[in-house]
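Trainee: Could you take me through the packing in this one? I would like to go question by question.

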Amino acid sequence: MTRTGRAAVYDAPNLPFVIRRYPVRDARPDEMLVRITMSTICRSDIHSYQGHRPNPAPGILGHEIVGVIDQLGANILHDMRADTLAVGDRVTWTMFFHQGSSYYRDVHDMPQKSPGLRKYGHDLVADDPHFLGGFADYCYILPGTGILKLPDEISDEEAVPLNCGVATMIAITEAADIDLGDTVVVQGLGLLGLYGCAIAKARGARRVIGLDAVANRVALARRFGADVTFDVSAMSGDDLVAAVRAECPPDGADVGIEVCGFADAVPAGIAMLRIGGRYVTGGLVNPGSTLTLDGNDILRRWITIKGVHNYHPRHLVQALDFVIGNRARFPFAEMVESKFSLDQIDEAFARAADRSVLRAAIVP
Ligand SMILES: [Zn+2]
């Protein structure tokens, strides 16, 4: 008898999910079949669900996934770090995969920008192998994915954001070149920003300043390493810039990080920097995020501005090591504070969309 598994299928934007069953075939020699133990709803899943960005439908959303190896293809011997893999091991993996050579991978060491790159949670469920997203019983791991074995000590709650939020934030803070003693401003204290505060501290920042308009996130940021926080909803733009600069003597912050998704926040963030300051944007994922900046100000103040999108597979390895090394210092497990079964996925999406939960998890 053919084995089957359940999937919460996304048929079209804003429609209820439908639980359907699909056949589970044997993993091919270069593939792995994972039985999902937890997946979380990312802001980008909500954007897809609400129709703000195109996503193949009917399909399975979700890319922040952990699970246990159910079948291991004969050609997969070890993970990215050369740890041997076996059926029953718990794993995470890069949220994207790419096969073959590419100019960006081979010449510029940017595999994450290879043309033809595919991401989990972005395929038609009708196509083989059906299971390529998070909100289901199973997920196939296809060739070109960076696989990472999880040590027993890390919980599913701590591990599930590694392959999206944590690895992305490792890439963003690396691009920001945070040095010992730096003052770092983080604009936006969602999951990315909270990890941003904690990673900035772990990279040696002396002072981290967190900004958000959601009061409970501002409070939470203190527990994730922010030394100073401001509720931006209560302040004018000019007052906010002046207040942040007053916290960064003598002339402003060394580093600014944008993970709030609002283009209007960028000029203010750059105004908070000292001469020679670095600014990295990681949240402007929507087209049309138009900026108005005075180029003369950028020039005279020696400001560096960088964009970061996706991450290198090495950032996933570093993300795991960061969480393992700092799990006693920061309450990572609390980020995933509500859990839902696959049947409750509509409620989970509603709660995640209205931001009444930080990260909603689906436990199939
Ligand atoms: Zn994500």
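Mentor: We will go through the cores, then one helix. The model is predicted, so local features need pLDDT of at least 70, side-chain atom pairs count only at pLDDT 80 or more, and totals for chains, interfaces and linings use all residues. Residues are numbered from 1 along each chain as its sequence is written, and side-chain values use heavy atoms, with hydrogens and water left out.

Trainee: Which element gives the most residues to the largest nonpolar core?

Mentor: A nonpolar core is a set of buried Ala, Val, Leu, Ile, Met, Phe, Trp, Tyr and Cys residues joined through side-chain atoms within 4.5 Å. Buried means under 20% relative accessible area, exposed over 50%, partly exposed in between (1.4 Å probe, protein chains only). The largest core has 55 residues. With nine residues, the top contributor is α4.

Trainee: Beyond four places in sequence, which residues is Leu 162 in contact with?

Mentor: Leu 162 is among the residues with the most contacts inside the largest core. Contact means heavy atoms within 4.5 Å. Leaving aside neighbours within four places, its partners are Leu 150, Ile 154, Ala 167, Leu 316, Ala 319, Leu 320 and Val 323.

Trainee: Why are the buried residues of α6 on the same side?

Mentor: Helices (H or I, at least four residues) and strands (E, at least two) are DSSP runs, numbered from the N terminus. The buried residues of α6 are Arg 217, Val 218 and Ala 221. They lie on the same side because the arc they cover around the axis, taken from the directions from the helix axis to the C-beta atoms, is only 105°.

Trainee: Which residues are exposed on the other side of α6?

Mentor: The buried residues of α6 pack against α5, β11 and β12. On the other side, the exposed residues are Ala 215 and Asn 216.
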